[in-house]
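Work through the exercises below with the sequence and the model open. Try each task before you read its solution.

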Amino acid sequence: RDCERDLSRALAEGTLAVWFQPIFGQAGREVAGLEALVRWHHPVHGWIPPGDLIAAASAAGLTESLLRFILEQVCTMMLTLRARGLGDVRVAMNVSPREMAQIAVDEIVLGRLRALGLPLPMLEIEITEETALDIEATQGKIAALSQAGIRLALDDFGVGYSALASLRALRADRIKIDRSLVTGLTAVDDKRGLVQAVLGLGRALGLDVVAEGVETAEDRATLEAMGCRFMQGYHLGRPAPAEATLRMMADLQ
Ligand code: G
Ligand code: G
Ligand code: MN
Ligand code: NA
């Protein structure tokens, strides 16, 4: 695709958007966090998947600009939440292995939050095992973020192959169980067994566990009965623009 010029224009004009999906705590009764998800509606090609967007940004030398753009939207959301007395709501941002390896994510993130007077533990960075395994390029940055107080979540947990080692190396605060293990777990014994095992792992290590991909009331009830506190998925709330997300949160209060 020759989206690269369009991407630099979209960055300049701000036509890219960051949407937010709620992460519920207390088994679905309160919004404990929001996950920022980038969205780009290209005038000709339509919705561009985030993975393609990030690849196009890299090819165009715009990786850092894109990260800074997304971070800015995330910071705006954090400032708004604080202004509304919702400073306990954590905001999570995905950082891909390539972004973590290629740019000074630690300096950029810490610099921006400090400049805006935002509490560092209000931001969570979601990384995957792949990032954790690329130790040489990423370990120093991850440690700097974590030591400064930024939270770390290990995303897509349960589909990689050395997940347990990553958890230790990263000192993650949170595990997000990949939705392939969660969606439909009520009817599938081995999914339920795996989710139960990850919940036990979280308890043993003192880590919060989030179940992603909760698509039905039935799966939500099953997860609640299993003692899962944090849930995310289309059944509970879809990704939406900032204003719609804030309205949804106000309606819940
Ligand atoms: O939002 P959606 O379900 O289409 O996301 C698809 C993939 O893109 C997921 O793996 C998600 O983590 C990733 N993604 C979404 N938004 C961002 C972002 O802002 N930055 C990075 N690096 N990845 C993102
Ligand atoms: O890799 P990561 O977990 O960051 O991916 C998040 C992606 O999952 C987002 O693109 C989001 O739109 C999508 N998503 C969120 N909730 C659900 C859900 O309940 N079902 C499905 N199929 N996708 C979901
Ligand atoms: Mn994620
Ligand atoms: Na995930």
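Helices (H or I, at least four residues) and strands (E, at least two) are DSSP runs, numbered from the N terminus. This is a predicted model: local features need pLDDT of at least 70, side-chain atom pairs count only at pLDDT 80 or more, and totals for chains, interfaces and linings use all residues. Residues are numbered from 1 along each chain as its sequence is written, while chains are lettered from A and ligands numbered from 1 in the order in which they are written.

**Exercise 1. The two ligand shells**

Task: List the residues around ligand 1, sort them by class, and find which elements each supply at least two of them. Then turn to ligand 2.

Solution.
- Step 1. Apply the cut-off: a residue is near a molecule if its C-beta atom, placed from the backbone, lies within 6 Å of it.
- Step 2. Around ligand 1 this gives Ala-36, Leu-37, Val-38, Pro-49, Pro-50, Gly-51, Ile-54, Ile-70, Asn-94, Val-95, Ser-96 and Glu-99.
- Step 3. Sort by class. Ala, Val, Leu, Ile, Met, Phe, Trp, Tyr, Cys and Pro count as nonpolar, Asp, Glu, Lys and Arg as charged, and the others, Gly among them, as polar. The shell around ligand 1 has 8 nonpolar, 3 polar and 1 charged.
- Step 4. Map to elements. Strand β2 (30-42) and helix α2 (50-59) each supply at least two residues of this shell.
- Step 5. Repeat for ligand 2. It has 15 residues around it, and the closest are Gly-213, Glu-215, Gly-233, Tyr-234 and Pro-239. The classes are 4 nonpolar, 5 polar and 6 charged.

**Exercise 2. The largest nonpolar core**

Task: Which residues of the largest nonpolar core touch the most other members? Which helix gives the largest share?

Solution.
- Step 1. Set the burial scale. A residue is buried if 20 or more other C-beta atoms lie within 10 Å of its own, exposed if 12 or fewer, and partly exposed in between; C-beta atoms are placed from the backbone.
- Step 2. Build the core: a set of buried Ala, Val, Leu, Ile, Met, Phe, Trp, Tyr and Cys residues joined through C-beta atoms within 7 Å.
- Step 3. The largest core has 65 residues, and Ala-36, Ile-70, Val-74, Val-91, Met-93, Ile-177 and Ala-211 touch the most other members.
- Step 4. Helix α3 (residues 63-83) gives the largest share, 9 residues.
- Step 5. Take Ala-211. Two residues are in contact if their C-beta atoms, placed from the backbone, lie within 7 Å. Leaving out residues up to four places away in sequence, Ala-211 touches Ile-177, Val-182, Val-195, Leu-223, Cys-228, Phe-230 and Met-231.

**Exercise 3. Two helices with a buried side**

Task: Find the buried and the exposed residues of α7 and α11.

Solution.
- Step 1. Check the span of α7 (residues 135-148). The expected span is 1.5 Å times one less than the number of residues. With 14 residues, α7 reaches 19 Å from first C-alpha to last, close to the 20 Å expected.
- Step 2. Thr-138, Lys-141, Ile-142 and Leu-145 of α7 are buried. They sit on the same side of α7, because they cover an arc of only 105 degrees around the axis. The arc is that of the directions from the helix axis to the C-beta atoms.
- Step 3. The face of α7 turned away carries the exposed Ile-135, Glu-136, Gly-140 and Gln-147. Gly-149 follows α7, with a positive phi near 115 degrees.
- Step 4. In α11 (residues 217-225), Asp-219, Arg-220, Thr-222 and Leu-223 are buried. Their arc is within 160 degrees, so they line one face of α11.
- Step 5. Ala-217 and Ala-225 are exposed on the other side of α11. The buried residues of α11 pack against α9 (179-182), β8 (208-211) and β9 (230-231). Gly-227 follows α11, with a positive phi near 90 degrees.

**Exercise 4. Single residues**

Task: Are Glu-35, Asp-156 and Leu-252 buried, partly exposed or exposed?

Solution.
- Step 1. Glu-35 is in strand β2. It is buried, because it has 23 C-beta neighbours inside 10 Å. Beyond four places in sequence, Glu-35 touches Phe-20, Gln-21, Ile-23, Ala-92 and Gln-232. Glu-35 and Gln-232 are 197 residues apart in sequence, yet 9.3 Å apart C-alpha to C-alpha.
- Step 2. Asp-156 lies in strand β6 (residues 151-157). With 19 other C-beta atoms within 10 Å, Asp-156 is partly exposed. Phi of Asp-156 is positive, near 55 degrees. Most residues other than glycine have a negative phi.
- Step 3. Leu-252 lies in helix α12 (residues 242-252). Leu-252 is exposed, with 12 other C-beta atoms within 10 Å. Leu-252 and Val-31 are 221 residues apart in sequence and 8.6 Å apart in space, C-alpha to C-alpha.
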